[in-house]
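Here's a walk through one protein model, with an eye on side-chain packing and charge pairs. Have the viewer open as you read.

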Amino acid sequence: MKTGIKSIRRVSAVIVTAGAVLTAGAFAASAQAATLATPTIVAAGGFVMNNGTGATLFTKAADTRRSTGSTTKIMTARVVLAQKNLNLDSKVTIQKAYSDYIVAKNASSAHLIVGDKVTVRQLLYGLMLPSGCDAAYALADKYGSGSTRAARVKSFIGKMNSTASGLGLKNTHFDSFDGIGNNSNYSTPRDLTKLASNAMKYSTFRTVVKTKSTKQKVTTKSGGYRYMSWTNTNTLLGSYSGTIGIKTGSGPEAKYCLVFAATRNGKTVIGTVLASSSVTTRTADAKKLMDYGFKK
């Protein structure tokens, strides 16, 4: 009889000990959760996900449609890179219409010179680093279909929208090749992040968007050559460890936008902030969200 009582006591002690361990574990988990406070950002909208798993890590008005500024150019590049039998070394002659457009719109420029022959690969650098609307125009003109420039541009924008539809981006619409739209160019933080994640599957895109600066040799109208130097507008490159891209955007309606990605210890976080208040705050917002994403 005494032996039975001792056994019961031992079992009780084990249960109590196990309960204490579980309780301690719960307290530790609670403490960790309390430490990892959800960040506050200036941007009106934000979204971050784990690029490897697709898991959502942060949302703020993530599905609210907003003007996207030059982050639109992610789709411009994505449409180009998806072309069948794409030849990145194919040359495009720079037209006066592209420079006239820059002047008329007071748009950001890659400073392409009329008559120069520039490769598609170089146009992608001119598109994504200095955010050249002239480079965007040249790519839309080349990869759209039609007998006139206007028809080709319209066709290219159509490809942008069909690509968005194919990727399931239900809150995204484009009416321009560069983000200078007519009040019908919009997306959301969630959609832009998903678009960027898809674009990052292309090795050329990854190479371009992680480049801080580049010097490119282009052929002049006379058959000589000149060098074009472009610097990336994404200041996260070089200021945030592990940054691998992606694209800035701004405009009167869009305010300050940034689609960003970084990799640390084998984990890649990717996200978007829309309608921040300045270049400084959009960068600070992105850093906060990536810090948070890596800890989650």
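What follows goes from the cores to the rings, then to one helix, the charges and a loop residue. Keep in mind that this is a predicted model.

**Cores**

Let's start inside. The largest nonpolar core has 60 residues, and Leu 123, Met 128, Phe 205 and Ile 246 are the ones with the most contacts inside it. The element that gives the most to this core is α5, with 8 residues. Another core lies apart from it and has 17 residues, including Leu 57, Leu 236, Tyr 292 and Phe 294.

Ile 246 is a handy residue to click on. Ignoring neighbours within four places in sequence, Ile 246 is in contact with Ile 74, Met 128, Ala 196, Met 200, Phe 205, Val 209, Asn 234, Val 259, Phe 260, Ala 261 and Ile 270. Two of the names on that list, Met 128 and Phe 205, also appear among the residues with the most contacts inside the largest core.

**Rings**

Now for the aromatics: the structure holds 6 aromatic pairs. One of them joins Tyr 98 and Tyr 137 in a tilted arrangement, at 5.0 Å centre to centre and with 50 degrees between the planes. This pair links distant parts of the chain, as Tyr 98 is in helix α3 (residues 96–105) and Tyr 137 is in helix α5 (residues 133–143), 39 residues apart. Both tyrosines, Tyr 98 and Tyr 137, are buried.

Tyr 137 also pairs with Phe 177, and here the rings are stacked, with centres 5.1 Å apart and 25 degrees between the planes. Tyr 137 lies in helix α5 while Phe 177 lies in the loop between α6 (149–166) and β6 (186–187), so the pair ties together parts that are 40 residues apart in sequence. Phe 177 is buried, at a relative accessible area of 6%. Why does Tyr 137 count as buried? Its relative accessibility is 13%, and buried means under 20%. Zoom out a little and ring pairs link Tyr 98, Tyr 101, Tyr 137 and Phe 177 into a cluster.

Two other tyrosines have lysines for company. Lys 215 lies over the face of Tyr 227, 5.0 Å from the ring centre. The charged end of Lys 217 sits over the ring of Tyr 225, at 4.1 Å from its centre.

**Helix α6**

How far does α6 reach from its first C-alpha to its last? With 18 residues, α6 reaches 26 Å, close to the 26 Å expected at 1.5 Å a residue. Its buried residues are Arg 152, Val 153, Phe 156, Ile 157, Met 160, Asn 161, Thr 163 and Ala 164. What do they pack against? The buried residues of α6 pack against α2 (73–81) and α5. Just after α6, Gly 168 takes a positive phi of about 75 degrees.

**Charges**

Side chains of opposite charge can pair when their charged atoms come close. The structure holds 6 salt bridges, including these:

| Acid | Base | Closest N and O atoms |
|---|---|---|
| Asp 63 | Arg 190 | 2.7 Å |
| Asp 141 | Arg 149 | 3.0 Å |
| Asp 141 | Arg 152 | 2.6 Å |

Asp 63 lies in the loop between β2 (56–60) and β3 (66–67) and Arg 190 in helix α7 (residues 189–199), so this bridge ties together parts that are 127 residues apart in sequence. Asp 63 counts as partly exposed, at 40% relative accessibility, and Arg 190 is partly exposed too, at 21%.

The other two rows share an acid: Asp 141, Arg 149 and Arg 152 are linked in a network of salt bridges. Asp 141 lies in helix α5 and Arg 152 in helix α6, so their bridge ties together parts that are 11 residues apart in sequence. Are Asp 141 and Arg 152 buried or exposed? Both Asp 141 and Arg 152 are buried, with Asp 141 at 8% relative accessibility. Arg 149, by contrast, is partly exposed, with a relative accessible area of 27%.

**A loop residue**

Last stop: Ala 44, found in the loop between α1 (2–35) and β1 (45–50). Ala 44 is partly exposed, with a relative accessible area of 27%. Beyond its neighbours within four places in sequence, Ala 44 is in contact with Lys 60, Ala 61, Arg 66, Leu 274 and Ala 275. From Ala 44 to Arg 66 is 22 residues in sequence and 9.3 Å in space, C-alpha to C-alpha.

Conventions: Residues numbered from 1 in each chain as written. Predicted model: local features only at pLDDT ≥ 70, side-chain atom pairs only at ≥ 80, totals over all residues. Heavy atoms only, no water. Helix = DSSP H or I, 4+ residues; strand = E, 2+ residues; numbered from the N terminus. Buried < 20%, exposed > 50% of the residue type's maximum accessible area, 1.4 Å probe, protein only. Contact = heavy atoms within 4.5 Å. Phe/Tyr/Trp six-rings, centres within 6.5 Å; stacked < 30°, edge-to-face > 60°. Lys NZ or Arg CZ within 6 Å of the ring centre and 35° of its normal. Core = buried A, V, L, I, M, F, W, Y, C linked by side-chain atoms within 4.5 Å. Expected span 1.5 Å × (residues − 1). Salt bridge = Lys/Arg side-chain N within 4 Å of Asp/Glu carboxyl O.
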